[in-house]
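Ready for a few warm-up exercises? Have a look at the model below, try each task yourself, and then read through the solution.

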Amino acid sequence: MNLFSYARADDIDAALRLAQQNGARFIGGGTNLLDLMKQGVEAPMVLIDVNHLPLADISELPDGGVRIGALARNSDAAGHPLIRERYPLLTQAFVAGASPQLRNMATIGGNLMQRTRCYYFYDPAYDMCNKRQPGSGCAAKDGYNRIHAILGASDACVATNPSDMNVALAALDATVRVKGPRGERVIPIAEFHTLPGDTPQRDTTLAPGELIVAVDLPPSPYAAHAHYLKVRDRASYAFALVSVAAALEMKNGVVKSCRIALGGVAHKPWRAQHAEAILAGKPLSDAVLKDAAAAAVAGAKPLEHNGFKVALAQRAIMRAVREAGRNA
Ligand code: SF4
């Protein structure tokens with residue numbers, strides 16, 4: 001691990017000032033960043049500890065939505081009554097992620113910033129990784145790519161976003177509130193994470209020096225019919241091969257509106273809007289579910305070892321939507 005200095009910020013302005021230093025990084029729970037530092041993948045020169053900022057509250061918004069402070073721990077958010085009652089999809093996604101110990105430490109802001117779990121990215125012994133070393137190539141593209149992307153990838157990078165929370169946030173149309181040297185701004189979750197394109201070293205649209213302060217959830221009609229399905233190699237403490245966040249608004253057995261987002265298939269949480277359009281206004285028949293699932297992966301470009309994800313994603317979508325439709 002490289003030498004770095006440590007600074008504790010006691011208010012947001014101080015944190016933003018400290019972040020102006022060369023090589024500065026914010027640290028909350030540290031459940032991803034410290035791993036990356038130990039592996040030699042990340043080498044910040046200054047760590048700014050933001051754990052003492054007043055950003056851990058979870059509160060109701062005037063419009064009926066909910067604000068989750070960026071420093072709320074994943075376990076606290078998962079168990080909070082406002083989240084459990086209004087956004088059970090998000091609670092399910094939190095509980096599907098990591099282990100209890102990690103959920104107790106990991107923050108909402110850190111979860112948004114979680115980096116890919118591509119084997120080659122995590123191991124600097126491999127010279128080729130455009131995300132770690134821009135311009136060096138992509139070892140996964142022609143290497144072992146079982147866990148990699150089938151949608152939205154580029155020649156430069158085929159990695160996937162590993163977060164369960166991000167998939168649920170995409171389905172719930174959350175927004176990310178950030179503060180930086182130029183003030184405060186709000187980023188829709190669909191614009192927060194990026195596809196790799198020619199700049200896979202970037203995972204988000206967060207600007208240098210910006211600090212995530214909260215995630216806002218709009219009022220949701222989907223509390224009664226929501227299901228998060230995570231398919232993985234073992235029953236716990238594993239990243240998704242494919243996951244599905246399904247949220248339905250049902251009326252008289254017909255889908256009035258719906259949101260479907262996929263995890264484990266792309267560099268960002270993948271909203272399946274073609275599938276949503278097929279489901280809207282229809283009953284959940286097997287034929288409709290099959291059509292919707294096929295539409296969700298219509299543009300898939302599997303790699304040598306992950307072709308199974310195309311069929312897996314379709315089956316997972318059908319099962320998750322069916323489960324969501326059954327919920328009381
Ligand atoms: Fe690196 Fe992305 Fe290729 Fe993995 S998929 S080796 S993260 S460039």
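**Exercise 1. Decide whether Glu 42 is buried or exposed, then find its partners.**

Solution. Keep in mind as you go that this is a predicted model.

Step 1: Glu 42 has a relative accessibility of 10%, and buried means under 20%, so Glu 42 counts as buried.

Step 2: Now place it in the chain. Glu 42 sits in the loop that runs between helix 2 (33-39) and strand 3 (46-49).

Step 3: Look for polar partners of its side chain. One polar contact, at 2.5 Å, goes to the side chain of Arg 25. Another, at 3.3 Å, goes to the side chain of Arg 115.

Step 4: Widen the search to contacts in general, skipping neighbours within four places in sequence. Glu 42 then touches Asn 2, Leu 33, Leu 36 and Met 37, along with Arg 25 and Arg 115.

**Exercise 2. Check the span of helix 13 (residues 308-326) and work out what its buried residues pack against.**

Solution.

Step 1: Helix 13 has 19 residues, and at 1.5 Å a residue it should span 27 Å.

Step 2: Its end C-alpha atoms are 27 Å apart, so the model agrees with the expected span.

Step 3: Pick out buried residues. Among them are Lys 309, Val 310, Leu 312, Ala 313 and Ile 317.

Step 4: See what lies against the buried residues of helix 13. They pack against three strands, namely strand 9 (226-231), strand 10 (242-251) and strand 11 (254-263), and also against helix 11 (273-279) and helix 12 (286-296).

**Exercise 3. Find the cavities of 30 Å³ or more and describe the linings of the largest and the second largest.**

Solution.

Step 1: Count them: there are three cavities of 30 Å³ or more.

Step 2: Start with the largest, at about 90 Å³. It has 16 lining residues, and Cys 118, Cys 129, Cys 138, Ala 140 and Cys 157 come closest to its centre. Sorted by type, its lining has twelve nonpolar residues, three polar and one charged.

Step 3: Move on to the second largest cavity, with a volume of about 60 Å³. Its lining includes Gln 114, Lys 131, Asp 203 and His 267. Arg 115 lines this cavity too, and you've already met Arg 115 as a polar partner of Glu 42.

Step 4: Sort this lining as well. The second largest cavity has one nonpolar residue, five polar and three charged.

How values were computed. Residues numbered from 1 in each chain as written. Predicted model: local features only at pLDDT ≥ 70, side-chain atom pairs only at ≥ 80, totals over all residues. Heavy atoms only, no water. Helix = DSSP H or I, 4+ residues; strand = E, 2+ residues; numbered from the N terminus. Buried < 20%, exposed > 50% of the residue type's maximum accessible area, 1.4 Å probe, protein only. Polar contact = N/O pair within 3.5 Å; in protein donor to acceptor, adjacent residues only side chain to side chain. Contact = heavy atoms within 4.5 Å. Expected span 1.5 Å × (residues − 1). 1 Å grid on protein atoms, 1.4 Å probe; cavity = no way out; pocket = protein on both sides within 12 Å on 5 of 7 lines; lining within 4 Å. Points joined across faces, edges and corners; volume = space filled by probe spheres on them. Nonpolar A, V, L, I, M, F, W, Y, C, P; charged D, E, K, R; others polar.
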